[in-house]
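User: I am new to this structure and would like a close look at a single part of it. Please take me through that part carefully, and then show me how it sits in the whole.

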Amino acid sequence: PYNDGDRYLLLAWAHYRGKLSLERLYAYDVVNSSAPLDQVDALIQVADWDLLYSQNYEATQGYERAYEQLREVDAPAKSIERIFAPSMPVVLPSFEPNPLAPDETRPSTGYIDVAFEITRYGTARHIDIVGSTNATHDDEDRLVTLIATSRFRPRVKNGAFANRSPVAVRYYLYE
């Protein structure tokens, strides 16, 4: 069994090793003069990783650097929106399937409409079930728990990272 100090070291080691790998991928993109959007994507992956491990300052710096690079290369507004303000919030880690996204391969049995705010540090606040169809109280509780315990990529609003950004999601239920 691990004590609290061992657990901390294991988490710190996991963060460190993962971050080194992602930074190496970014460096390869820069050295190989990859497309600017590929370089930005690599920066965002590092920032997502930092945020996932609650390295809020480093994550914020990474996101702001990526956003500035997008602006420097005159990236289309749609590209910036896809990364920093998509209609479906990005749940971290972004390399895993988004648990809030609909499964297009199965018919849904119902849905839950939920509204919440995403903070600058990727946490959800003010989670509110707006409505539902064919959902039980347990379904709603599970969704609230999922949102409350997840980390999200921060969102840009009016050209800056918002301290709190409201989002609304329709979460589909399946058998």
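**Strand β2 and its two partners**

Analyst: In this predicted model, strand β2, which covers residues 110-119, is joined by ten bridges to strand β7, residues 164-173, and the two strands run antiparallel. One place to find this pairing is Ala115, whose bridge partner in β7 is Ala168. Strand β2 is also joined to strand β3, residues 124-133, this time by seven bridges, and here too the strands run antiparallel. Along this second pairing, Asp113 stands opposite Gly131 of β3. Strands β2 and β3 form a hairpin with four residues between them, and in this hairpin Gly122 takes a positive phi near 80 degrees.

To place β2 in the whole, it helps to read along the sequence, where the protein follows the pattern α-α-α-α-β-β-β-α-β-β-β-β, made up of five helices and seven strands.

Among the helices, α3 can be described in some detail: it takes in residues 56-72, 17 residues in total, and reaches 24 Å from its first C-alpha to its last, close to the 24 Å expected at 1.5 Å a residue. Several residues of α3 are buried, including Ala59, Thr60, Gly62, Tyr63, Ala66, Tyr67 and Leu70. Gln69 also lies in helix α3, and Gln69 counts as buried because its relative accessibility is 19%, while the cut-off for buried is under 20%. Apart from neighbours within four places in sequence, Gln69 is in contact with Tyr26, Val40 and Leu43. Just after the helix α3, Asp74 takes a positive phi of about 55 degrees.

Turning to the protein as a whole, its C-alpha trace spans about 55 × 50 × 35 Å along the principal axes, and 35% of the 175 residues count as buried. Among the contacts between residues at least 6 apart in sequence, 67% join residues at least 24 apart. The accessible surface comes to about 10600 Å², and 51% of this surface belongs to carbon and sulfur atoms. As for charge, the protein has 18 positive and 25 negative charges, and the mean positions of the two sets are 3 Å apart.

Definitions and conventions:
Residues numbered from 1 in each chain as written. Predicted model: local features only at pLDDT ≥ 70, side-chain atom pairs only at ≥ 80, totals over all residues. Heavy atoms only, no water. Buried < 20%, exposed > 50% of the residue type's maximum accessible area, 1.4 Å probe, protein only. Contact = heavy atoms within 4.5 Å. Areas by Shrake-Rupley, 256 points an atom, 1.4 Å probe, with all protein chains shown as cover. Lys, Arg positive; Asp, Glu negative; His and termini not counted. Charge placed at Lys NZ, Arg CZ, Asp CG, Glu CD. Expected span 1.5 Å × (residues − 1). Pairing = 2+ DSSP bridges.
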